[in-house]
Amino acid sequence: MKSTAFQVRAVSVLDSQNLLDWRNHPDVLRHQLTQRAIHPFEHERWLSERLQPKGHLPFLAYEENGSVIGYVRLDFATNREQVISILISPSFRGQGYGAAILHSFLLHVRSIGNLEPIFAYVHNDNIPSQRLFRSSNFKEDKSERSEMKRFVYP
Ligand SMILES: CC(C)(COP(=O)(O)OP(=O)(O)OC[C@H]1O[C@@H](n2cnc3c(N)ncnc32)[C@H](O)[C@@H]1OP(=O)(O)O)[C@@H](O)C(=O)NCCC(=O)NCCS
């Protein structure tokens with residue numbers, strides 16, 4: 001696994017463009033249920049709402065040598081499940097950063113006393129993400145949605 005000596009900080013509005021660009025990257029769009037690019041207005045509205053304090057659910061940026069490598073956040077689903085989302089810069093994918101950042105994030109979440117199960121929803125075609133969650137001790141939950149696999153941690 002990569003070194004975990006990341007600089008970690010809360011996401012801010014300054015991350016908006018990175019988040020939008022990485023989210024709308026063709027490799028990411030293929031694995032979304034709708035496969036539709038997010039419009040900048042929709043993105044700004046979502047981000048400003050997400051950056052409001054939300055029961056202390058973390059939304060963190062991981063940096064190395066001054067470059068943002070990835071973002072990870074937890075959100076509550078409508079049924080109050082905690083759902084994790086991880087996004088690694090297209091320039092840094094496939095180099096072990098996702099595994100290292102996810103490991104660091106999970107340690108942080110547990111260290112702040114959040115011991116609730118963490119769910120991940122992954123498109124059936126998103127092999128890197130499935131591998132990432134499996135090798136990070138997420139278990140596949142058989143009650144999966146049609147086009148998505150559901151994983152749970154621990
Ligand atoms: C999914 C994602 C977070 C993985 O991060 P990453 O830094 O590329 O992953 P890593 O290099 O740490 O590798 C993690 C696992 O994926 C595998 N992997 C990475 N890139 C791969 C590729 N292109 N094809 C197949 N497997 C791949 C690695 O071999 C590793 O598997 P292993 O643990 O069984 O050896 C990253 O690709 C990404 O940001 N994707 C877009 C957003 C997304 O899909 N997020 C997940 C849903 S929330």
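# Reading a predicted fold: a tutorial dialogue

α5 lies across β5 and β7 and runs at about 155 degrees to β5.

Q: Before we begin, what kind of model is this?
A: It is a predicted model. Let's start with the sheet, since helix α5 has already brought us there: α5 lies across β5 and β7.

Q: How do I read the sheet, and in which order do the strands stand?
A: The general idea first: strands of a sheet pair through backbone hydrogen bonds, either parallel or antiparallel. Here, seven strands make an open sheet with mixed pairing, in the order β1-β2-β3-β4-β5-β7-β6. From one strand to the next, the twist averages 30 degrees.

Q: Which strands stand at the edges?
A: Those are β1 (7–10) and β6 (139–141). Each has a single partner strand, so one side of each is left without a neighbour in the sheet.

Q: Could you take me through the pairing, beginning with β1 and β2: how many bridges do they share?
A: β1 and β2 pair over four bridges in the antiparallel sense. To find the register, look for Gln7, which stands opposite Glu63 in β2. Moving on, β2 and β3 also run antiparallel, joined by six bridges. There, Ala61 has Tyr71 of β3 as its bridge partner.

Q: And where does a parallel pair appear?
A: Look at β4 and β5, which run parallel and are joined by two bridges. Val83 stands opposite Phe119 in β5. At the other end of the order, β6 and β7 (residues 148–153) pair over three bridges in the antiparallel sense, and Asp141 stands opposite Arg150 in β7.

Q: How do I read the two faces of a strand, and which residues of β5 are covered?
A: Follow the side chains along the strand and sort them by face. In β5, Ile118, Ala120 and Val122 form the covered face, while Phe119, Tyr121 and His123 form the uncovered one.

Q: Which residues touch the most other members of the largest nonpolar core?
A: That core has 27 residues, and Ile69, Val72, Ile101, Ala120 and Phe133 touch the most other members. At least two residues of this core come from each of α1 (16–23), β2 (59–64), β3 (67–76), β4, α4, β5 and α5. The most come from α4, with six residues. Notice that Ala120 also belongs to the covered face of β5.

Q: What is Ile69 in contact with, beyond its neighbours within four places in sequence?
A: Its contacts are Tyr62, Glu63, Glu64, Ile88, Ser89, Phe92, Tyr97 and Ile101. Glu63 is the residue that Gln7 stands opposite in the β1–β2 pair.

Q: Phe92 is on that list. Where does it lie, and how do I read its exposure?
A: Phe92 lies in the loop between β4 and α4. Counting C-beta atoms is the way in: Phe92 has 17 such neighbours inside 10 Å, so it counts as partly exposed. Leaving out residues up to four places away in sequence, Phe92 touches Ile69 and Tyr97. Its C-alpha atom is separated by 22 Å from that of Ile38, 54 residues apart along the chain.

Q: Which backbone angles deserve a look in the loops, for instance at Asn65?
A: Check for positive phi in residues other than glycine. Asn65 has phi near 50 degrees and sits in the hairpin of β2 and β3, which has two residues between the strands. With 7 other C-beta atoms within 10 Å, Asn65 is exposed. Asn137, in the loop between α5 and β6, has a positive phi near 70 degrees. Asn137 is exposed too, with 12 other C-beta atoms within 10 Å.

Q: And which peptide bond is cis, with omega near 5 degrees?
A: It is the bond from Tyr153 to Pro154. Pro154 has its place in the segment after β7.

Q: Last topic: which residues come nearest to the ligand?
A: There are 22 residues around the ligand, and Arg93, Gly98, Pro128, Arg131 and Ser135 come nearest. By class, this shell holds 11 nonpolar, nine polar and two charged residues.

Q: Which elements supply the shell?
A: β4 (82–88), α4 (97–111), β5 (118–123) and α5 (127–135) each supply at least two residues. The largest share, six residues, comes from α5. That brings us back to the helix we began with, which lies across β5 and β7.

Key:
Residues are numbered from 1 along each chain as its sequence is written. This is a predicted model: local features need pLDDT of at least 70, side-chain atom pairs count only at pLDDT 80 or more; totals for chains, interfaces and linings use all residues. A residue is near a molecule or strand if its C-beta atom, placed from the backbone, lies within 6 Å of it. Ala, Val, Leu, Ile, Met, Phe, Trp, Tyr, Cys and Pro count as nonpolar, Asp, Glu, Lys and Arg as charged, and the others, Gly among them, as polar. A nonpolar core is a set of buried Ala, Val, Leu, Ile, Met, Phe, Trp, Tyr and Cys residues joined through C-beta atoms within 7 Å. A residue is buried if 20 or more other C-beta atoms lie within 10 Å of its own, exposed if 12 or fewer, and partly exposed in between; C-beta atoms are placed from the backbone. Two residues are in contact if their C-beta atoms, placed from the backbone, lie within 7 Å. Two strands pair if DSSP finds at least two bridges between them. Axes are lines fitted to C-alpha atoms, for helices over the stretch in contact, and angles run from 0 to 180 degrees between N-to-C directions.
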